[in-house]
Amino acid sequence: MAVALVLMMILQWSDAYQEAAVGSPQVPAMFVFGDSLVDVGNNNFLSSFARANYYPYGIDFSGGPTGRFTNGRNIVDLLGALLGLPYVPAFADPNTVGARILGGVNYASAAGGILDETGQHYGERYSLSQQVLNFETTMNQLRTMMGGRNLTQYLAKSIAVLVFGSNDYLNNYLMPSLYPSRDIYNPPAFANLLLNRYATQILALHSIGLRKFALAGIGPLGCIPNQRASSRAPEGRCMDDVNQMLGTFNEGLKSMVKQYNADHQDATFVFGNVYGVLGDMLNTPDNYGFKVIDSACCGIGRNQGQITCLPLVVPCSNRNQYLFWDAFHPTEVANAVLAWRAYNGSPNDCYPINIEQLALI
Ligand SMILES: *[C@@H]1O[C@H](CO)[C@@H](O)[C@H](O)[C@H]1NC(C)=O
């Protein structure tokens, strides 16, 4: 009950707040790297089948459909609201120029992964390495427009949020008919490949000047409607083998955070335990007001998870009672739980410190 009340408060105040873009932000900017969980419309400008700029996506967003893969705001919208930031614009949007980039830029791209080839059957997408190159483009723009401000200090105070890895499983490793990775790597070896590539790009961002990093782990993908809808899934159960596969990546990412905090005294890295927080919502749905955790609000077939949310499909009306919006993505209310626990949670939710503490550094 208390949790649900806090959630409704976040959902209500922050919408008006973010629209007005007032207040004093806790950090100068937020730079977002990732996949569809945090894409705010980059793929609208790419030649991709992974798009969400049509109704009913955005049914609860003040501007309607925008390319966000949920009914309302996504995790970084809500995190931005908690940090007092206005909406962070999509890099690929031609309007993302001038003073609009000063509060940060979002590079996230649906179907994108840590590996360049991940998600290629969807068409164009910004992979992690391309997102880092795009950040360098922003840096060139920032250098010419910082005026009297010190770019080094601005970057050091800003927060980088990285949300990667889900597609390297869903749209690569778990698709052996299209991608060879499963023939080459066993699950721990694949996780270590991802971690090595991830580490290289994180250090590249550090060398450019970012100093505050929030790295999200992968959620329990075996429990999303898309996986529950697979022919291998036992009725009413998650795909346990898929969930188990993610352990090496999530534990490795947390270890990387510990290691980098020790190695880089000038920077702070935190690990967001998405697996644990989503697991709480799945295990104790009543605490969050969820009535449906195994089926998508918008979708078709078994668990409404066989196909993603298609144009003009009528979604469920009680969206605050659903954990999943479509076959892959949480509802706005579930995103609010994830954002709130990352911002304000215990070290079990966000390690070793939460985003509110990270912002204060
Ligand atoms: C910006 O700040 C950094 C760190 O405080 C300092 O080393 C550097 O000299 C400053 N640069 C300018 C152009 O003032």
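These legends walk through several close-up views of a predicted model.

**View 1. Helix α5 sits inside the structure, with its residues tucked away from solvent.**
Start with α5, where 8 of the 8 residues are buried, so the helix is largely enclosed by the rest of the structure. Its buried residues include Ser166, Asn167, Asp168 and Tyr169; Leu170, Asn171, Asn172 and Tyr173 are also among them. What do these buried residues of α5 pack against? The partners are α6 (181-184), α7, α8, α9 (240-245) and α10 (247-263).

**View 2. Tyr169 and Phe190 meet edge-to-face.**
The count for the model comes to 20 aromatic pairs. One of them joins Tyr169 and Phe190, with 5.5 Å centre to centre and 85° between the planes. Tyr169 belongs to helix α5 (residues 166-173) and Phe190 to helix α7 (residues 187-208), so to speak two distant parts of the chain, 21 residues apart. Both Tyr169 and Phe190 are buried.

**View 3. Phe213 and Phe269 stack across two strands.**
Here the ring centres of Phe213 and Phe269 are 4.8 Å apart and the planes are at 10°, so this pair counts as stacked. Because Phe213 lies in strand β3 and Phe269 in strand β4, the pair ties together parts that are 56 residues apart in sequence. Are these rings buried or exposed? Phe213 is buried, with a relative accessible area of 0%, and Phe269 counts as buried at 0% too.

**View 4. Seven aromatic residues gather in one cluster.**
Pull up Phe31, Phe33, Phe91 and Tyr107 along with Tyr126, Phe135 and Tyr154, and you have one aromatic cluster.

**View 5. Arg68 has a salt bridge and a ring to look at.**
Arg68 forms a salt bridge with Asp77, and the closest N and O atoms are 2.6 Å apart. Arg68 also lies over the face of Tyr87, at 5.2 Å from the ring centre. Arg68 is buried, with a relative accessible area of 7%, and Asp77 is buried as well, at 3%. For another charge over a ring, go to Lys254, which lies over the face of Tyr351 at 4.7 Å from the ring centre.

**View 6. Glu332 and Arg73 bridge distant parts of the chain.**
This is a salt bridge with the closest N and O atoms 3.0 Å apart. Glu332 is in helix α12, while Arg73 is in the loop between β1 (30-34) and α2 (75-82), 259 residues apart. Glu332 is buried, and so is Arg73. The structure holds 9 salt bridges.

**View 7. Asn74 is a buried loop residue with contacts from elsewhere in the chain.**
Asn74 lies in the loop between β1 and α2. At 2% relative accessibility, Asn74 counts as buried. Which residues does Asn74 contact, leaving aside its neighbours within four places in sequence? The answer is Leu37, Val38, Asp39, Val40, Arg68 and Asn335. The C-alpha atoms of Asn74 and Ala336 are separated by 7.9 Å, though these residues are 262 apart along the chain.

**View 8. Arg341 and Asp280 connect α12 and α11.**
The side chains of Arg341 and Asp280 meet in a salt bridge, 2.6 Å from N to O. Arg341 sits in helix α12 and Asp280 in helix α11, 61 residues apart. Arg341 counts as buried at 17% relative accessibility, whereas Asp280, at 29%, counts as partly exposed. Add Asp349 to the view, and Asp280, Arg341 and Asp349 are linked in a network of salt bridges.

**View 9. Helix α11 packs through its buried residues.**
For α11 (residues 274-283), the buried residues are Val274, Val277, Leu278, Gly279, Met281 and Leu282. They pack against β3 (212-216), α8 (225-228), β4 (268-272), β5, β6 and α12 (332-344).

**View 10. Ile300, Ile307 and Leu310 make a nonpolar patch on the surface.**
The patch covers about 200 Å². Where is Ile307 found? Look in the loop between β5 (292-296) and β6 (322-324). Ile307 counts as partly exposed, at 37% relative accessibility.

Technical notes:
Residues are numbered from 1 along each chain as its sequence is written. This is a predicted model: local features need pLDDT of at least 70, side-chain atom pairs count only at pLDDT 80 or more; totals for chains, interfaces and linings use all residues. Side-chain values use heavy atoms; hydrogens and water are left out. Patches are made of residues with over 30% relative accessible area and no salt bridge: like charges are joined within 9 Å, nonpolar side chains (Val, Leu, Ile, Met, Phe, Trp, Tyr) within 5 Å. Accessible areas come from the Shrake-Rupley method with a 1.4 Å probe; for residues, only the protein chains shown count as cover. A salt bridge is a side-chain nitrogen of Lys or Arg within 4 Å of a carboxyl oxygen of Asp or Glu. Helices (H or I, at least four residues) and strands (E, at least two) are DSSP runs, numbered from the N terminus. Buried means under 20% relative accessible area, exposed over 50%, partly exposed in between (1.4 Å probe, protein chains only). Contact means heavy atoms within 4.5 Å. Rings of Phe, Tyr and Trp (its six-membered ring) pair if their centres lie within 6.5 Å; planes under 30 degrees apart count as stacked, over 60 as edge-to-face and the rest as tilted. A charge sits over a ring if NZ of Lys or CZ of Arg is within 6 Å of the ring centre and within 35 degrees of the ring normal.
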